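This report looks at a few local features of one protein chain, moving from a loop residue to a residue within a strand and then to a group of paired strands. The sequence and structure come first.

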Amino acid sequence: MGSKLDKAIEYENRESKKITEKMRPSFHLTPRTGWMNDPNGFSYFGGLYHIFYQYNPYSTVWGPMHWGHAVSKDLVKWDYVDAAMAPEDSFDEAGCFSGTAIATDDNKHLLIYTGVTKAVKEDGSVEERQDQCIAIGDGITYTKYKNNPVIKSDSLPDGFSKKDFRDPKIWKENGKYYCIIGSRTADGDGKLVTYSSKDAINWDFEKVLYSNNMRHGKMWECPDYVDLGEKKLLIASPQDFEHDDFEFYSGNNTICVIGHLDNGDFVEEKVQTLDNGIDYYAPESIRTEDGRTILIGWMQNWDTCNYRNENLPWFGQFSIPREITLVNDTLYINPIRELKKYYTSTIEYANQLIGSKTVLKGVCGRTLDLTVEIPFISNSENAFNQFKINIAENERYCSSVIFDKINSTVTIDRINSGTRRAVLCNRTCKVDTADNKLKLRLIIDRFSVEVFINDGQRVMSMCIATDVGAEGISFCCDGKAIVNISANCLR
Ligand code: FRU
């Protein structure tokens, strides 16, 4: 074990004891101490799900990138294990950046990640380099391969950036390893390149599988490849978007390109975002034993990191793992079904009349799976233009989910959540109201809400910094609405 890793493990073991359960979300993973960004190495190995994360144990801001590590039996509750890697070798001393993991045929857990180094150029200036490295372990400790890097940025086609070449996603197909890596050309255009290998050590450049052609943001980070049979998904997290109506927003976004392969070339059919909210980025996928495709993302975004609860000793959390399915070429995204195991009680209100502000007995708290079905047949008993759910509410604060019937939109809003920073606090997306009803499912877990709309047609996620003492929930509308509510309390 290297000395920086020893130090990090000693630190996280000691400091994490000071963080009580109530200071964290109940079922969303947060860093053991300090800062987390992207999920890494999401995989199944040795009878457990493993997730690693971009990790600076020492501070709640981004810094020297380690890999933190946690394991789970059911993808809902996670147990911390010791950090897996620290940036301390000649091939990664400026950071162990994002990557993925796979179980090898000889039952080892292989991590592939981006090693960041600083190269001194001829003129004496320093330039960052990003190359791909591997580490091999048993699910607990990991040893970096001594001849890293295994994929050097020199292997890229001419004109590709050697300092933006990162986040390998590994998979196995027909007895061979493949990986897809994000890069860009000098004009900033996002490219996804693939490599192949027989042993995960010696890699050959395959091809440029996808070019963004400057349509959706610039550099594409954290690529993923999902094989759904005839259809394939390319998932990535592009930087530097310009606002594009209700699908993509300024800054960093997530994107899913739905397509198929033609002679090994990717043919694009359609693109969509993976989350219309404020805080979601860098998702990684896994295929479960029972064939489900599950995505887990960083429930945060780079431009909104100043929205935070200064009293908390950690920063950054993952989304609830999400099951994704393709129905008629549209992606549906829903919370992992295992969440239901953790319901402690269920309260239901059928045909409940909602007026200007309605509080319902038993519907409150900061750990809740709350579904509201809102039909809108217009008659005098049921006519409204706007329907709002307030959560994390007390006399002073609240965060809201607002359905605007006239414009067919849903807005999430945390402007009154108690932040003293001028950070983006709301987002709006278009929703399908063709059936004259809307279904909202809110997954609330102390410091976040994830809103799943119409059984997964849209998802909107946001962090909520409000102190957990604000537990109120209320329903408001500007006329009258008759709704069905199901509130499942969670452990
Ligand atoms: C995405 C990202 C990755 C990189 C990591 C560094 O959020 O920028 O591209 O590997 O974060 O922490």
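Which backbone nitrogen does the side chain of D478 reach at 3.0 Å? In this predicted model, that backbone nitrogen belongs to Q386. D478 itself sits in the loop that runs between β31 (472-477) and β32 (481-490), and although D478 and Q386 are 92 residues apart in sequence, their C-alpha atoms are 5.8 Å apart in space. A polar atom of the D478 side chain also lies 2.9 Å from the backbone nitrogen of N385. Leaving aside residues up to four places away in sequence, D478 touches F384, N385 and Q386.

A second side chain that meets the backbone is that of Q132, a residue of strand β7 (residues 126-137). Q132 counts as buried because its relative accessibility is 0%, where the cut-off for buried is under 20%. A polar atom of the Q132 side chain lies 2.9 Å from the backbone oxygen of F165. The contacts of Q132, again not counting residues up to four places away in sequence, include Y113 and T114, P149, V150 and I151, and the run F165, R166, D167 and P168, together with I181.

The polar contacts of these two side chains with backbone atoms are set out below.

| Side chain | Backbone atom | Distance |
|---|---|---|
| D478 | nitrogen of N385 | 2.9 Å |
| D478 | nitrogen of Q386 | 3.0 Å |
| Q132 | oxygen of F165 | 2.9 Å |

The third feature is strand β26 (residues 409-413), which is mostly covered, with five of its five residues buried. In a regular strand the side chains alternate between the two faces of the sheet. In β26 both faces are covered, since T409, T411 and D413 on one side are buried, as are V410 and I412 on the other.

Which strands pair with β26 in the antiparallel sense over five bridges? One of them is strand β25 (residues 399-404), which pairs with β26 in that sense over five bridges, and F403 has V410 of β26 as its bridge partner. β25 and β26 form a hairpin with four residues between them, and in the turn S408 has a positive phi of about 50 degrees. Strand β27 (residues 426-430) likewise pairs with β26 in the antiparallel sense over five bridges, and here V410 stands opposite C429 of β27. V410 thus has F403 as a bridge partner and also stands opposite C429 in β27, while being buried itself.

Notes: Residues are numbered from 1 along each chain as its sequence is written. This is a predicted model: local features need pLDDT of at least 70, side-chain atom pairs count only at pLDDT 80 or more; totals for chains, interfaces and linings use all residues. Side-chain values use heavy atoms; hydrogens and water are left out. Helices (H or I, at least four residues) and strands (E, at least two) are DSSP runs, numbered from the N terminus. Contact means heavy atoms within 4.5 Å. A polar contact is a pair of N or O atoms within 3.5 Å; within protein, one must be able to donate a hydrogen and the other to accept it, and residues adjacent in sequence count only if both atoms are side-chain atoms. Buried means under 20% relative accessible area, exposed over 50%, partly exposed in between (1.4 Å probe, protein chains only). Two strands pair if DSSP finds at least two bridges between them.
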